[in-house]
Amino acid sequence: MQPLLADAAARATRYLVDLETRPVAPTPDALAALESFNTALPENPSAPAATLRLLDELGSPATMGMAGPRFFGFVIGGALPATLAANWLTTAWDQNAVLYRASPGVAFIEQVALRWLLEILRLPPSCGGAFVTGATVANLTALAAARHTVLARAGWNVEADGLFGAPAITVIVGGEIHPSVSKSLGILGLGRSRVVKIPVDEQGRMISEQLPPISGPTIICVQAGNVNTGAIDPVGEICRLAHAAGAWVHVDGAFGLWAVAAPSRAHLAAGIADADSWATDAHKWLNVPYDSGLAFVRDAHALQAAMAITAEYLPTQSEFRNPADFTPELSRRARGVDVWAALHSLGRSGIAQIIESNCSHARRFAERLTAAGYEILNDVVLNQVLVSFGESERTKRIIAAIQADGTCWAGLTVWQGKTAMRISVSSWRTTEADVEASVTAMIRVAQATR
Ligand SMILES: *Cc1c(COP(=O)(O)O)cnc(C)c1O
């Protein structure tokens with residue numbers, strides 16, 4: 001295996017170096033060449049080296065340069081060096097991170113990572129936590145714990161008896177709820193549409209004065225980090241009102257929760273630790289490789305009640321936490337090790353530095369684009385910038401031209417009726433020089449587009 005793995009490392013390294021200079025989006029030629037993958041299923045084996053070569057020669061050029069420094073689409077980090085290396089090593093370990101007795105080393109390292117996460121995110125140390133694939137499944141996981149608890153308080157065991165005949169649960173969400181939360185509510189039988197929607201302000205924040213009177217089993221879903229504006233709901237105030245009435249507050253903080261880890265941004269998330277559960281991503285602002293999400297629940301027993309399984313053949317009794325008692329998955333990869341590597345290699349100050357610098361890069365984008373005469377549609381409080389280049393069709397044409405130019409990549413959105421380019425700065429690799437090169441290209445392309 002040694003020459004093969006050395007070849008893989010060499011190819012990966014070359015790929016990452018090339019990202020500095022290649023167009024961020026794959027070229028039309030690279031996409032057309034994908035057709036060469038489209039052969040019949042091989043009858044016979046190939047040499048692994050040939051398999052890898054084909055993947056690199058055809059696959060690498062067809063990738064989007066998400067791991068590079070000038071990809072500003074969606075909210076996507078790039079894998080930190082230590083996390084990429086740890087991910088490779090962990091893949092070689094090939095551990096099933098299911099039970100302590102099956103993979104004790106991984107269970108132990110993940111437990112340390114969870115403790116560190118609670119510390120950096122300033123969440124209660126008693127929380128239960130789960131390493132899952134992303135914020136979508138983290139929302140699902142945490143909301144399952146919420147469903148368990150609000151029904152248990154009403155004398156109903158939802159895991160045993162299901163939802164038929166159960167007391168009704170009121171679900172309150174903001175008008176800017178992320179679709180992954182809606183989807184989670186649907187999967188949990190709480191309904192994507194069967195929700196009370198609270199109006200939001202011009203930044204997309206829930207208006208807490210508009211909360212209805214609360215009684216009976218109730219779950220309130222709030223958001224830290226609107227995907228368009230970066231705005232954070234008034235979580236502290238909502239928790240105060242909710243808890244006075246016995247409701248559960250869940251925070252979708254896929255990236256915005258990380259504001260807590262940056263001294264100049266932490267005030268935006270005031271009161272967030274008062275909630276009952278939280279979902280976030282590690283593959284966004286913590287810059288670990290895909291896929292990696294995190295769920296935290298203040299009452300660890302609630303999470304365990306919703307997720308644990310038992311079977312005769314599974315050694316579930318152990319002196320140590322069994323990871324699978326807290327996750328929807330049974331078998332899964334040891335993704336918590338990548339998270340541990342990020343936290344170990346960056347430390348508290350390194351994490352703060354990435355978030356602070358991404359936020360200041362976002363402000364720089366806004367300043368330069370404003371000075372060039374374009375309209376910024378949001379308060380740039382975090383890492384999100386919404387730019388209008390004028391009327392909708394013109395903005396769309398300019399976004400397409402910026403993507404084709406290849407210096408950088410940003411996507412399209414519609415914010416409160418206005419078409420906009422959405423810039424998300426989330427990568428550890430992005431430097432001031434990358435921002436200057438990108439914003440200069442954006443302005444050049446916009447000025448050249450009729
Ligand atoms: C990205 C995001 C999600 C979904 O996260 P995945 O990691 O894609 O599952 C949910 N909520 C918000 C606010 C997000 O930004």
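A polar contact is a pair of N or O atoms within 3.5 Å; within protein, one must be able to donate a hydrogen and the other to accept it, and residues adjacent in sequence count only if both atoms are side-chain atoms. By that measure, a polar side-chain atom of His-283 sits 2.8 Å from an oxygen atom of the ligand. The model is predicted: local features need pLDDT of at least 70, side-chain atom pairs count only at pLDDT 80 or more, and totals for chains, interfaces and linings use all residues. Residues are numbered from 1 along each chain as its sequence is written, and side-chain values use heavy atoms, with hydrogens and water left out.

**Ligand site**
- The ligand is surrounded by 13 residues (one of their heavy atoms within 4 Å). The closest are Thr-136, Asp-252, Asp-281, His-283 and Lys-284.
- The shell holds four nonpolar, six polar and three charged residues. Here Ala, Val, Leu, Ile, Met, Phe, Trp, Tyr, Cys and Pro count as nonpolar, Asp, Glu, Lys and Arg as charged, and the others, Gly among them, as polar.
- An N or O atom in the side chain of Asp-281 is 2.7 Å from a ligand oxygen.
- Ala-135 takes part through its backbone: a polar atom there is 3.1 Å from an oxygen atom of the ligand.
- Alone, the ligand exposes 380 Å², and the protein buries 84% of that. Areas come from the Shrake-Rupley method with a 1.4 Å probe.

**Strand E4 and its partners**
- Helices (H or I, at least four residues) and strands (E, at least two) are DSSP runs, numbered from the N terminus.
- Six of the six residues of E4 are buried (under 20% relative accessible area, 1.4 Å probe, protein chains only), so E4 is largely enclosed by the rest of the structure.
- One side of E4 carries Thr-218, Ile-220 and Val-222, and the other Ile-219, Cys-221 and Gln-223.
- E2 and E4 run parallel, joined by four bridges. Thr-170 has Thr-218 as its bridge partner.
- E4 also pairs with E5 (pairing takes at least two DSSP bridges), in the parallel sense over five bridges. Gln-223 is partnered by Asp-252.

**Helix H8**
- Ser-180, Val-181, Ser-182, Ser-184 and Leu-185 are buried in H8 (residues 179-187).
- These buried residues pack against helix H6 (135-153) and strands E2 (170-174), E4 (218-223) and E5 (248-252).
- Gly-189 follows H8, with a positive phi near 80 degrees.

**Glu-20**
- Glu-20 lies in the loop between helix H1 (2-18) and helix H2 (28-33).
- Beyond neighbours within four places in sequence, Glu-20 contacts Pro-69, Arg-70 and Arg-429 (heavy atoms within 4.5 Å).

Terms used: Buried < 20%, exposed > 50% of the residue type's maximum accessible area, 1.4 Å probe, protein only.
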